[in-house]
Amino acid sequence: MIPAHGGQLVTLELSDVEKEETMKRMHKKKRILLSPRELSDLLLMAVGAYSPLTGFMNQDDYLNVTNQMRLDNGILWPLPITLSVNQDQANELTEGEEVVLVDQRNRPCGVLLIQEMYSYDKFHEAEQVYQTTDLNHPGVKLLMQQGEILLGGEVRLIERPSTSFSSYCYDPTLMRQKIAEKGWKTTVAFQTRNPIHRAHEYIQKCALELVDGLIIHPIVGDTKKDDVPADVRMKSYEAIVEKYYPAKHTLLAAFPASMRYAGPREAVFHAICRKNYGCTHMIIGRDHAGVGNYYGTYDAQKLIKSFPTEELGIIPLCFEHTFYCKACENMASSKTCPHTQGDHLILSGTKVREMLRSGQPLPKEFTRPEVADILKKAYEQ
């Protein structure tokens, strides 16, 4: 099995005994409310998906990751994983103090031992990570809404956040067990925040020709408001996997992360996480983790291919933009199709949402009828 990033799979979930002891002292501790993204980060650190991270980043790790895409120890890591508070909250905290991390219902989910409290430059982080300071970028907007002070320190998970997709949220340890049980020596992951359309299906099955197994691993955490809701997307995945994918070589799972829309950097991040889940390969398509026109079509592929395979530890499978060609009468890409754009059926996510809202049917060449029906019903409500 492929080793975890950094060499060892991290586990930060408290045992029943540790949980009982921790809960006894909860009433004496200060509480910090986590945002949806911070809550998903806590969970994914605890189960090992963010290995080798053991907590929210201290200042040295934060600065190195922001500026060089590396932890302070030199290990490749592309995105800051941070916990913020406002100045008033920070004034009541001290380094060395243990605090309780709570969700929106004030339910204790974890504990943080504060090792550092430090200020940071939001505009610099935006420029480095998102390549823009434009507030119309959802990741930048969220960053600018954060508190002025970051808390660094190790975490422990008390209770997992509730989710509608728990039956699909396999921890890295369990995912690795499933891969082993299936006898897959090589496994490719597919990341998505959208319903699978024919172009996705095409590149997934091209990749599956090269490896033993495919894990369709959609994000089910926080996404921007106009993205198709996670429950609708999961229904579409279930329908298409059952009918059009070989059960022996396919696994549908859920990735309970939040989208950052960081384009190239997030593509590297997604690959490292899937390596921790036990995947040997990762599909990187056009504008991976992008939004709007902030990144070039193949910037994510260029960045991820710039790292040596032995350092990244997972093999990226990079695909051209694919589409249905009316002249070829099949799915194709610019590598395989000689025809002009007039023969190509290409629908943007925005266009698809417009068609659904107006009740227009989605072409079967764009998406499977089962998926189109699910989306149509969802947008009729």
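## Helix α13 and its neighbour

Which helix do the buried residues of α13 pack against? They pack against α14, which spans residues 369-380. This is a predicted model, so keep that in mind as you look around.

Helix α13 itself covers residues 349-357, and its buried residues are V352, R353, M355 and L356. If you look down the axis of α13, these buried residues fall within an arc of 160°, so they line one face of the helix. Just after α13 comes G359, which takes a positive phi of about 80°.

## One closed cavity

How many cavities of 30 Å³ or more are there? The count comes to one, and the volume of this largest cavity is about 40 Å³. Its lining is made by R37, L79, P80, E125, V129, Y130 and R260.

Helix α5 (residues 122-130) gives the most to that lining, with three residues. Sorted by class, the lining of the largest cavity has four nonpolar residues and three charged ones, with no polar residues.

## The second largest pocket

Next up is an open space: the second largest pocket, with a volume of about 470 Å³. It's lined by 18 residues, and the ones nearest its centre are P138, L142, D222, T223 and K224. Two elements give two or more residues to this lining, namely α2 (36-47) and α6 (138-145).

Which element gives the largest share of the lining of the second largest pocket? That's α6, with five residues. As for chemistry, the lining divides into six nonpolar, six polar and six charged residues.

## Salt bridges around E98

Side chains of opposite charge can pair when their charged atoms come close. In the whole structure, a search finds 19 salt bridges. One of them joins R25 and E98, with the closest N and O atoms 3.0 Å apart. R25 sits in the loop between α1 (16-24) and β1 (31-33), while E98 belongs to strand β4 (residues 98-102), so this pair ties together parts that are 73 residues apart in sequence.

E98 also forms a salt bridge with K29, and here the closest N and O atoms are 3.7 Å apart. K29 is in the loop between α1 and β1 and E98 is in strand β4, so the pair ties together parts that are 69 residues apart in sequence. Buried or exposed? E98 is buried, with a relative accessible area of 19%. R25 is partly exposed at 33%, and K29 counts as partly exposed too, at 28% relative accessibility.

## A network with K224 and D227

K224, one of the residues nearest the centre of the second largest pocket, turns up again here. Its side chain meets that of D227 in a salt bridge (3.2 Å, N to O). D227 is buried, with a relative accessible area of 4%, and K224 is buried as well, at 18%.

Which residues are linked with K224 and D227 in a network of salt bridges? They are R193, D226 and R353. You've met R353 already, among the buried residues of helix α13.

## Backbone oddities

Most residues other than glycine have a negative phi, and most peptide bonds are trans. Against that background, a few spots are worth a look. The peptide bond from S51 to P52 is cis, with omega near 15°, and P52 lies in the loop between α2 and β2 (55-56).

M69 isn't a glycine, yet it has a positive phi of about 60°. You'll find M69 in the loop between α3 (59-68) and β3 (84-85), where it is buried with a relative accessible area of 13%. Q131, also not a glycine, has a positive phi of about 65°. Q131 is in the loop between α5 and α6, and at 46% relative accessibility it counts as partly exposed.

## Far in sequence

Last stop: T163, in the loop between β6 (149-157) and α7 (172-182). How many residues apart in sequence are T163 and G221? They are 58 residues apart in sequence, and their C-alpha atoms are 9.1 Å apart in space. T163 counts as partly exposed, at 38% relative accessibility.

Terms used. Residues numbered from 1 in each chain as written. Predicted model: local features only at pLDDT ≥ 70, side-chain atom pairs only at ≥ 80, totals over all residues. Heavy atoms only, no water. 1 Å grid on protein atoms, 1.4 Å probe; cavity = no way out; pocket = protein on both sides within 12 Å on 5 of 7 lines; lining within 4 Å. Points joined across faces, edges and corners; volume = space filled by probe spheres on them. Helix = DSSP H or I, 4+ residues; strand = E, 2+ residues; numbered from the N terminus. Nonpolar A, V, L, I, M, F, W, Y, C, P; charged D, E, K, R; others polar. Buried < 20%, exposed > 50% of the residue type's maximum accessible area, 1.4 Å probe, protein only. Arc of directions from axis to C-beta. Contact = heavy atoms within 4.5 Å. Salt bridge = Lys/Arg side-chain N within 4 Å of Asp/Glu carboxyl O.
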